[in-house]
Amino acid sequence: MAQIGYGYGSEFQLLRFMGRHRNLLEKIISETIGETGIFEWMDFGFSIPSVSITCDSELKGLSFLKASPKFNEVYDEYCKYDIQNRDSWQNWDAIFILNGVIYLVEAKAYAGEMADNKKHGNESILQFMKDMLPELPVTKKWLGLYYQLANRLATTALLQKHGIKVKTIYIYFVNGYRKRIEIEHKIEDVENCNKNTSTEDFLEAIKKEFSELGITEEMVSGLLTPPVFIDAEYDYSKE
């Protein structure tokens with residue numbers, strides 16, 4: 001798992017809003033996805049100090065599903081494909097249930113972390129994506145820059161195939177990556193560590209992501225919610 005940033009970054013901002021601004025977080029999510037009701041957030045596990053700064057362990061792979069009677073049939077199909085480290089293939093930033101639907105949360109604090117130049121996956125994973133998403137134009141590009149979104153979509157489709165109500169949801173923290181330190185009781189920015197991203201820049205990055213994968217918002221609306229934008233530096237108290 002990525003280590004939490006002190007005062008900046010997607011994990012910090014999500015933890016901050018979940019812990020200190022929960023009502024606002026849920027309000028913005030509800031308004032964006034058009035669903036109201038009681039949010040049930042899943043707890044993380046625990047880790048040892050040598051692995052995690054916070055001693056927490058993220059929800060990984062299909063671990064959140066183990067209590068479901070559907071788990072074995074989903075996992076059996078999952079295991080037909082050569083997916084290395086399948087039990088930790090995804091690290092979910094959070095998971096909540098709303099009106100019987102499981103929402104798999106991915107949080108981003110700046111546009112640059114949406115793309116990954118590393119080579120991912122293999123032909124078996126590509127076949128998994130094709131099998132789960134037969135109506136989408138899955139190509140080898142899905143193993144490239146935007147592999148994270150690609151495997152989230154495929155995993156969501158796998159769960160839906162087995163009758164599980166689930167969607168992936170991306171939360172983008174506008175102005176969420178300004179690294180700061182305290183010097184003589186004054187908060188100052190760390191030079192060259194401001195990666196704050198505007199809503200417009202996030203939208204442009206999402207557009208590039210979708211274009212690279214050959215998909216549109218309409219094509220994946222059954223798997224992916226509309227993007228949720230939260231301004232981490234906005235003074236919501238004025239509203």
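A residue counts as buried under 20% relative accessible area, as exposed over 50%, and as partly exposed in between. At 46% relative accessibility, N99 therefore falls into the partly exposed class. The structure is a predicted model. This briefing covers its salt bridges, one pair of packed helices, a buried serine and two residues with positive phi.

**Salt bridges**

- Side chains of opposite charge can pair when their charged atoms come close.
- Over the whole structure, a search finds five salt bridges. Three of them are described here, beginning with E31 and K27.
- The side chains of E31 and K27 form a salt bridge with an N to O distance of 2.9 Å. Both residues belong to helix α2, which covers residues 22-33. They are four residues apart, about one turn of the helix.
- E31 has a relative accessible area of 55%, so it is exposed. Its partner K27 has a relative accessibility of 43% and is partly exposed.
- E77 and K161 form another salt bridge, in which the closest N and O atoms are 2.6 Å apart. This pair links distant parts of the chain, since E77 is in helix α3 (residues 71-78) and K161 is in helix α5 (residues 147-161). The two residues are 84 residues apart.
- E77 is buried, because its relative accessibility is 11%. K161, at 52% relative accessibility, is exposed.
- R152 and E106 also form a salt bridge, with 2.7 Å between the closest N and O atoms. R152 lies in helix α5 and E106 in strand β7 (residues 101-108), so that distant parts of the chain, 46 residues apart, are linked.
- Are R152 and E106 buried or exposed? Both are buried.

**How α3 and α5 pack**

- Two packed helices are described by the angle between their axes and the distance between the axes.
- The axes of α3 and α5 cross at roughly 135° and come within 10 Å.
- Angles over 145 degrees count as roughly antiparallel, and 65 to 115 as roughly perpendicular. The crossing angle of α3 and α5 is in neither range, so the two helices are oblique to each other.
- The crossing of α3 past α5 is right-handed.
- Which residues of the two helices meet? V74, E77 and Y78 in α3 meet L158, L159 and K161 in α5. By class, this contact has four nonpolar residues, two charged residues and no polar ones.
- E77 and K161 take part in this contact and also form a salt bridge with each other.

**S10 in helix α1**

- S10 is located in helix α1, which spans residues 10-20.
- The relative accessible area of S10 is 15%, so this residue is buried.
- Leaving aside neighbours within four places in sequence, S10 is in contact with A107, K108, A109, E113 and F173.

**Positive phi at N85 and N99**

- N85 has a phi near 55°, a positive value in a residue other than glycine. N85 sits in the loop between α3 and β5 (91-92). Its relative accessible area is 59%, so N85 is exposed.
- N99 also has a positive phi, near 55°, and is likewise a residue other than glycine. The place of N99 is the loop between β6 (94-98) and β7. As stated at the start, N99 is partly exposed, at 46% relative accessibility.

Definitions and conventions: Residues numbered from 1 in each chain as written. Predicted model: local features only at pLDDT ≥ 70, side-chain atom pairs only at ≥ 80, totals over all residues. Heavy atoms only, no water. Buried < 20%, exposed > 50% of the residue type's maximum accessible area, 1.4 Å probe, protein only. Contact = heavy atoms within 4.5 Å. Salt bridge = Lys/Arg side-chain N within 4 Å of Asp/Glu carboxyl O. Axes fitted to C-alpha atoms, helices over the stretch in contact; angles between N-to-C directions. Parallel < 35°, antiparallel > 145°, perpendicular 65-115°, else oblique. Left-handed = near helix turned anticlockwise from the far one by under 90°. Nonpolar A, V, L, I, M, F, W, Y, C, P; charged D, E, K, R; others polar.
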